[in-house]
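User: I am new to this structure and would like to understand the reasons behind the words used to describe it. Could you take me through them one at a time?

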Amino acid sequence: MTHTMPKLAYAQDALAPYMSQETMEFHYGKHLQTYIDNLNRLIQGTPFEKMSLEQIILKSDGGIFNNAAQTWNHTFFFQTLTPTQPAMPARLAELLARDFGSVDAFKEQFTKAAVGLFGSGWVWLVSDKQHKLSIVAEPNAGNPLTKGLKPILVIDVWEHAYYIDYRNRRAAFVEAFWKLVDWNKVAERCVMKRYECTACDYIYDPEKGSPETGIAPGTPFEEIPDDWTCPICGLYKDAFKPIDD
């Protein structure tokens with residue numbers, strides 16, 4: 001498998017003034033391209049040649065891991081940004097308040113972690129198997145997938161992410177980052193969708209589960225057995241449709 005540059009959903013000058021075109025040309029156009037080129041070169045003739053990025057991250061170490069993880073991390077970072085920031089979905093705000101006290105408290109803790117990480121690395125908002133959110137700081141090419149955690153949001157605090165625009169003022173870069181986060185994308189990664197029965201209007205809420213039918217709270221609809229039936233009318237799982245919250 002040959003790994004290629006991810007496509008951006010915005011022009012390279014679209015994130016200005018918070019992230020300049022020059023920064024994008026170097027950060028996306030040169031740094032990320034170099035990681036991808038190095039990865040493709042290093043995996044030639046190895047078992048990693050046929051693996052996805054996620055598989056390589058979980059199974060490799062050394063130079064192959066570093067370049068695979070940096071490719072994945074950067075792609076995730078750039079896909080989290082937008083020049084037209086939407087309002088934060090209410091359900092995402094509720095989850096952040098549940099696990100951090102409030103949205104402002106989450107931002108404060110995330111900012112502190114991003115400013116305080118010594119040297120180069122990444123700060124992540126992650127979800128564990130119980131769908132609890134937490135903040136994880138990873139040095140260098142660290143990726144939370146290696147710890148069984150699901151990445152939700154990330155900021156790159158390597159100097160190449162901000163030095164052109166902010167020089168050594170990492171705190172100013174982190175402050176600007178908050179103006180570029182695509183909250184809809186973040187919500188898609190951590191908000192478990194609710195599903196409605198098309199026959200009786202019963203709504204399956206993954207936060208509550210369906211204890212009366214043996215489904216524990218916190219179970220995503222996708223993980224419910226296929227032979228599960230609606231507790232009201234008895235129709236099967238395929239009779240449900242997702243609700244747009």
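Analyst: What follows is a set of questions about the terms applied to this predicted model, each answered by setting a value against its definition.

User: What makes up the secondary structure of the protein chain?

Analyst: The protein chain has eight helices and six strands, and along the sequence these elements come in the pattern α-α-α-α-α-β-β-β-α-α-α-β-β-β. The C-alpha atoms fill a box of roughly 60 × 45 × 30 Å along the principal axes, and 47% of the 245 residues count as buried. Among contacts in the chain with a separation of 6 or more, 62% are between residues 24 or more positions apart.

User: Why is strand 1 called mostly covered?

Analyst: A residue is buried if its relative accessible area is under 20%, and seven of the seven residues of strand 1 meet that condition. Gly121, Val123, Leu125 and Ser127 point one way from the strand, while Trp122, Trp124 and Val126 point the other way, and all are buried. Strand 3 (residues 150-156) is also described as mostly covered, with six of its seven residues buried.

User: How do you know that strand 1 pairs with strand 2 and with strand 3?

Analyst: Pairing requires at least two bridges between two strands. Strand 1 and strand 2 have seven bridges in the antiparallel sense, and strand 1 (residues 121-127) is joined to strand 3 by six bridges, also antiparallel, so both pairs satisfy the definition. One of the bridges to strand 2 links Ser127 with Leu133, whereas in strand 3 the partner of Trp124 is Val154 and the partner of Trp122 is Asp156. Strand 1 and strand 2 also form a hairpin with five residues between them, and in its turn His131 has a positive phi of about 70°.

User: What makes strand 2 and strand 3 edge strands?

Analyst: The three strands form an open sheet in the order 2-1-3, with antiparallel pairing. Strand 2 (133-139) and strand 3 each pair on one side only, and they are the edge strands. Neighbouring strands of this sheet are turned by 25° against each other on average, with direction ignored. Helix 8 (residues 183-190) packs on the sheet and touches strand 2 and strand 3, its direction making about 150° with that of strand 3.

User: Why is one side of strand 5 and of strand 6 left without a neighbour in the sheet?

Analyst: These strands belong to an open sheet of three strands in the order 5-4-6, again with antiparallel pairing. Strand 5 (203-204) and strand 6 (240-242) stand at the edges and have a single partner strand each, so one side of each has no neighbour in the sheet. Strand 4 (residues 195-197) is joined to strand 6 by three antiparallel bridges, which meets the requirement of at least two, and the bridge partner of Glu196 in strand 6 is Lys241.

User: Which residues touch the most other members of the largest nonpolar core?

Analyst: In this core of 62 residues, they are Phe77 and Ile155. Its largest share, eight residues, comes from helix 3 (residues 62-79). Apart from this core lies another, of ten residues, among them Cys197, Tyr202, Trp228 and Phe240. Leaving aside residues up to four places away in sequence, Ile155 touches Phe77, Phe110, Ala114, Gly121, Trp122, Val123, Phe173, Val174 and Phe177, and in the sheet Val123 stands opposite Ile155 in strand 3.

User: How do you know that Arg170 has no salt bridge?

Analyst: A salt bridge needs a side-chain nitrogen of Lys or Arg within 4 Å of a carboxyl oxygen of Asp or Glu. For Arg170, the nearest side chain of opposite charge is Glu159, 6.2 Å away, and Arg170 is therefore without a salt bridge although it is buried. Arg170 is found in helix 7 (residues 170-177), and its contacts, not counting residues up to four places away in sequence, are with Ala114, Val115, Leu117, Gly119, Val157 and Tyr162.

Notes. Residues numbered from 1 in each chain as written. Predicted model: local features only at pLDDT ≥ 70, side-chain atom pairs only at ≥ 80, totals over all residues. Heavy atoms only, no water. Core = buried A, V, L, I, M, F, W, Y, C linked by side-chain atoms within 4.5 Å. Buried < 20%, exposed > 50% of the residue type's maximum accessible area, 1.4 Å probe, protein only. Helix = DSSP H or I, 4+ residues; strand = E, 2+ residues; numbered from the N terminus. Contact = heavy atoms within 4.5 Å. Axes fitted to C-alpha atoms, helices over the stretch in contact; angles between N-to-C directions. Lys, Arg positive; Asp, Glu negative; His and termini not counted.
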